[in-house]
Amino acid sequence: MERSLEMVVGLLGILKAGGAYVPLDPAYPTERLAHMLEDAAPKVLLLQERLRERLPPTSAEVIALDEGWRQISESLTSNPALRARGLSSDRLAYVIYTSGSTGKPKGVMVEHRNVIRLFAATEQWFGFNERDVWTLFHSFAFDFSAGSCGERCCTAGVWW
């Protein structure tokens with residue numbers, strides 16, 4: 001997806017449902033997108049209809065968030081009971097793919113607890129509170145926790 005309301009709705013929906021996301025930047029070359037789709041093997045792929053033609057072949061169920069409201073409305077309308085389904089902070093939140101500088105891009109799995117740890121570890125620096133907002137001022141396929149530290153970054157307890 002391109003940066004949009006649909007992207008925010010999709011990310012929040014995936015996380016609220018207890019799923020994990022793999023951001024596919026439409027600006028990526030088709031070969032990279034195809035590799036990521038094959039490697040991650042998602043069950044569902046959310047997209048914007050205008051970008052469907054850029055999508056490599058996939059066996060995933062494809063839902064266009066900007067046009068698929070009839071299909072979406074047939075889904076659950078209540079909050080899922082995540083703990084009852086065995087979901088907790090050690091479950092996958094997202095997978096970010098490396099640049100592929102050593103060959104093919106590799107998926108780095110980030111759990112919910114790693115994201116929580118990042119905010120907890122940096123709270124003293126930034127003083128997060130209810131007035132803060134977090135915007136995606138960069139590609140959602142870039143993991144901000146990596147910063148500019150180069151090859152290995154451990155701020156969030158995630159190494160790559």
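The following exchange works through salt bridges, nonpolar cores, aromatic pairs and confidence in a predicted model.

Student: What should I know about numbering, thresholds and atoms before reading the values for this model?
Tutor: Residues are numbered from 1 along each chain as its sequence is written, and side-chain values use heavy atoms, with hydrogens and water left out. Since the model is predicted, local features need pLDDT of at least 70, totals for chains, interfaces and linings use all residues, and side-chain atom pairs count only at pLDDT 80 or more.

Student: Which element of the protein chain has the highest mean pLDDT?
Tutor: The pLDDT is the predictor's confidence in each residue, from 0 to 100, and for the protein chain its mean is 78, with 81% of the residues reaching 70 or more. Helices (H or I, at least four residues) and strands (E, at least two) are DSSP runs numbered from the N terminus. Among these elements, H3 has the lowest mean, 74, and the highest, 93, belongs to H2.

Student: Over which residues is the pLDDT below 50?
Tutor: Where pLDDT is low, the predicted coordinates should not be read in detail. The stretch in question has 28 contacts in the model beyond near neighbours in sequence, a contact meaning heavy atoms within 4.5 Å. The pLDDT is below 50 over residues 147-160.

Student: How many salt bridges are found in the whole structure?
Tutor: The criterion for a salt bridge is a side-chain nitrogen of Lys or Arg within 4 Å of a carboxyl oxygen of Asp or Glu. One of the pairs is Arg113 with Glu111, whose closest N and O atoms are 2.6 Å apart. A search of the whole structure with this criterion gives a total of four.

Student: Which residues are linked with Arg50 in a network of salt bridges?
Tutor: Arg50 pairs with Glu2, the closest N and O atoms being 3.1 Å apart, and this joins the loop between strand S1 (44-47) and strand S2 (61-64) to the segment before helix H1 (5-16), across 48 residues. Arg50 also pairs with Asp66, at 3.8 Å between the closest N and O atoms, where Asp66 belongs to the loop between S2 and helix H3 (69-73), 16 residues from Arg50. The residues linked with Arg50 in the network are therefore Glu2 and Asp66.

Student: Are Glu2 and Asp66 buried, exposed or in between?
Tutor: Buried means under 20% relative accessible area and exposed over 50%, with partly exposed in between (1.4 Å probe, protein chains only). Glu2 has a relative accessible area of 36%, and Asp66 has 23%. Because these values fall in the middle class, Glu2 and Asp66 are partly exposed.

Student: Which element gives the most residues to the largest nonpolar core?
Tutor: A nonpolar core is a set of buried Ala, Val, Leu, Ile, Met, Phe, Trp, Tyr and Cys residues joined through side-chain atoms within 4.5 Å. The largest has eleven residues, including Leu33, Met36, Leu37, Leu45 and Val95. Helix H2 (30-40), S1 and strand S3 (92-97) each give two or more residues to this core. With three residues, the element that gives the most is H2.

Student: Which elements are included in what covers the buried residues of H2?
Tutor: The buried residues of this helix are Arg32, Leu33, His35, Met36 and Leu37. Leu37, for example, touches Leu24, Pro42, Leu45, Leu55, Pro56 and Thr58, leaving aside residues up to four places away in sequence. The cover over the buried residues of H2 includes S1 and S3.

Student: What kind of aromatic pair do Tyr21 and Tyr94 form?
Tutor: Rings of Phe, Tyr and Trp (its six-membered ring) pair if their centres lie within 6.5 Å, and planes under 30 degrees apart count as stacked, over 60 as edge-to-face and the rest as tilted. Tyr21 is buried at 14% relative accessibility, and Tyr94 is buried at 8%. With 5.3 Å centre to centre and 20° between the planes, the pair formed by Tyr21 and Tyr94 is stacked.

Student: Are Trp125 and Phe126 buried or exposed?
Tutor: Trp125 and Phe126 form an edge-to-face pair, with 6.2 Å between the centres and 80° between the planes. Trp125 has 62% relative accessibility and Phe126 has 54%, so Trp125 and Phe126 count as exposed.
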